[in-house]
Every structure is written in structure tokens, then in C-alpha cells.
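Me: Could you take a close look at one part of this model for me? I'd like a connected walk through a single strand and whatever surrounds it, cysteines included.

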Amino acid sequence: MTVEINQRSDDTRIILILDDDAIARSAVAAYLRECGYTVIEAASENDARTMLDSPKYDIDIVICATSDVSSEDRFGFSRWLREHHSHVRLLMAATIEKTAKLAADVCEEGPHLRKPYDHQNLVAWIKRLRA
Amino acid sequence: MLAQPVTDSLGTRCILVVDGEIEIRFSLAQHLRSAGFTVFEAYSSDEALALLGAMPFDAVIADFQTPGAMNGLALADLIRSTYPHILTVIVSGVDLSHELERTETAFFQKPYEGAAVVDLVIKKLVAP
């Protein structure tokens, strides 16, 4: 059972978001889906590599959340991405505020060309979900 | 092939897909999104519990061998006792239909058709 999303319409772009924080990852992914993107959620570098290496998924952008705990792995991942998938645009952010801002910027250049709501509202939503 | 959207109102129904295998999780989640559901994804039972504590769900579809502190069956048991309104579905490569026959949890053996899971969720949530 696989979904053949490589047979996509021209205006559908794929974003992979790599974040081991399920709540933040889910919220940012939901935001980007409202922008019209297909979003793949990866909780680990291994999962991200699996999807990037698969011929089924033509991934355009990777948004990579880093933290003090994960930063060494993430920088290793970014080197791997540049070496193996140099055409993929990599965006890295160390805080949820920066991740949300990146998502909003990507949203404005996406299929719908407008944000579903302000990125500050996305940050507020994530904080409410964590409370 | 993706299931066809059946109704716009499904977007208000929230489904959580829990599976440690990213391709299987993403594929099922996309089937459900294409049908019109709002879908969240969890890699492990721990992530699932974090999301269940943060937002309301109508259904949880979990792999039996999901990573984390509990397997899919234990997660489904916990959900049924804590959130009895949530539809639970277990998927697994091994046949667990006997273990689940006395419960309210539905079961699909892998490899399954995503459209069949979508049909069951629609049947249970939209036209019970």
C-alpha cells in the first residue's frame, strides 16, 4: 500500500519536516498543509533519509528543527543532504519561533501564495498544545 | 490509488496515525487526507500519548509494533479506557483478530488497502 505522490500536479510541492518534537512537528506540518504543500513528517534523521532516498518522493524543501540535544546529529544530516541531494533546499531553525517564521516565509511562496494565519498564531498554538 | 473525497465535513474529524515505519504511516495518512480527514502522525506510542493529551481525536489507527513505551494493543487499551469515544484501529503484519474479537478495536492485517481503512473510518465516524 503506497500512495504515488510523485504523480503529482505541477503546483504541488513536497516539504519534509524533521523534528523530534511531535507537537511542534504536527502543528508546523498542519500549517504548511493549509498553505497547499504536501508535507512528510520525520521524527528522526533515519526516517528523513528513507524518504529523501526513495524515488517515490520528489522532495523540494527540508525544514530541520535543531535543539541543543539534536544539533550534532542535525548538522551531520545537513552535510549528508548537501552531498546526496544538493537540489533540495534546506532550512534550519533552532527555536519554534524561528521554525514558525520559516514556515510562514515558505508559505508565502507556496501554492496558495498566502499564509493561512500569522506565524505568531502558530507559535501560540504550539505553546497552548504543550501547556 | 487515493480514495476519493466523500464530503467536506470530514475535515472536522481528526485522525491520529501511529506507525514507526514512515512510508507506511505517510501513505495511510495521505489516503485519509485525500478522503477529507484532518490527520496527525506519530512515530511512537510516546508521541501518540503527547498528541492525545494535547488535542481531541475521533480515531486512532496504530501499528501493533509501534515503537515506544507501549505497543499498539496496549495503546488501544489505554485509549479505550481513557477516551472511550475514540475509534481505535490496530494494523499489524501478524493476525491479531482473535486477540481483538472481544474488543471494540477494529483490525487490519498488513499489507492492507488504504482505501479499506478509510472506508471503515468513514463508516464508523460518519455513518455509525
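Reply: Sure. Keep in mind that this is a predicted model. A good place to begin is the right-handed β-α-β unit that strand 1, helix 1 and strand 2 of chain A make together. Its opening element, strand 1 of chain A, covers residues 14–18, and 5 of its 5 residues are buried. The side chains split between two directions: A:Ile14, A:Leu16 and A:Leu18 point one way from the strand, while A:Ile15 and A:Ile17 point the other way. Both sets are buried.

Now for the neighbours of that strand. Strand 1 of chain A runs parallel to strand 2 of chain A, and 5 bridges join the two. Within that pairing, A:Leu16 stands opposite A:Ile40. Strand 1 of chain A also runs parallel to strand 3 of chain A (residues 61–65), this time with 4 bridges. There, the residue opposite A:Leu18 is A:Cys64. As background, strands of a sheet pair through backbone hydrogen bonds, either parallel or antiparallel.

A:Cys64 brings us to the cysteines. This residue is buried, with a relative accessible area of 0%. Its sulfur has A:Cys35 as the closest cysteine sulfur, but at 19 Å that is too far for a bond. B:Cys14 is in no disulfide either: the nearest cysteine sulfur, again that of A:Cys35, is 18 Å away. B:Cys14 counts as buried too, because its relative accessibility is 9% and the cut-off for buried is under 20%.

So which cysteines do form a disulfide? The pair is A:Cys35 and A:Cys107, with their sulfur atoms 1.8 Å apart. The structure holds 1 disulfide over all chains. The torsion about this S-S bond is about -105 degrees, so the disulfide is left-handed. A:Cys35 sits in the loop between helix 1 (22–34) and strand 2 (38–42) of chain A, and A:Cys107 sits in helix 4 (residues 96–108) of chain A, so the bond ties together parts that are 72 residues apart in sequence. That loop leads back to our starting point, as helix 1 and strand 2 of chain A belong to the β-α-β unit. As for exposure, A:Cys35 counts as buried at 0% relative accessibility, and A:Cys107 counts as buried at 0% as well.

A step outward takes us to where chain A meets chain B. Helix 2 of chain A (residues 45–53) packs against helix 1 of chain B (residues 22–35) at an angle of about 70 degrees, their axes 10 Å apart. That makes the two helices roughly perpendicular. On the chain A side, the residues involved are A:Asp47, A:Thr50 and A:Met51, which meet B:Ile22, B:Glu23 and B:Phe26 in the chain B helix.

Since we've crossed over, here's the sheet in chain B. The sheet is open, with 5 strands in the order 2-1-3-4-5 and parallel pairing. Its edges are strand 2 (38–42) and strand 5 (106–109) of chain B, each pairing on one side only. From one strand to the next, the twist averages 20 degrees. At the strand 5 edge, 4 bridges join strand 4 of chain B (residues 87–92) to strand 5 of chain B, and the two run parallel. B:Val91 has B:Phe108 in strand 5 of chain B as its bridge partner.

Definitions and conventions: Residues are numbered from 1 along each chain as its sequence is written. Chains are lettered from A and ligands numbered from 1 in the order in which they are written. This is a predicted model: local features need pLDDT of at least 70, side-chain atom pairs count only at pLDDT 80 or more; totals for chains, interfaces and linings use all residues. Side-chain values use heavy atoms; hydrogens and water are left out. Two strands pair if DSSP finds at least two bridges between them. Axes are lines fitted to C-alpha atoms, for helices over the stretch in contact, and angles run from 0 to 180 degrees between N-to-C directions. A disulfide is a pair of cysteine sulfur atoms within 2.5 Å. Buried means under 20% relative accessible area, exposed over 50%, partly exposed in between (1.4 Å probe, protein chains only). A crossover is right-handed if, with the strands pointing away from the viewer, the path from the first strand over the helix to the second runs clockwise. Angles under 35 degrees count as roughly parallel, over 145 as roughly antiparallel, 65 to 115 as roughly perpendicular and the rest as oblique. Contact means heavy atoms within 4.5 Å.
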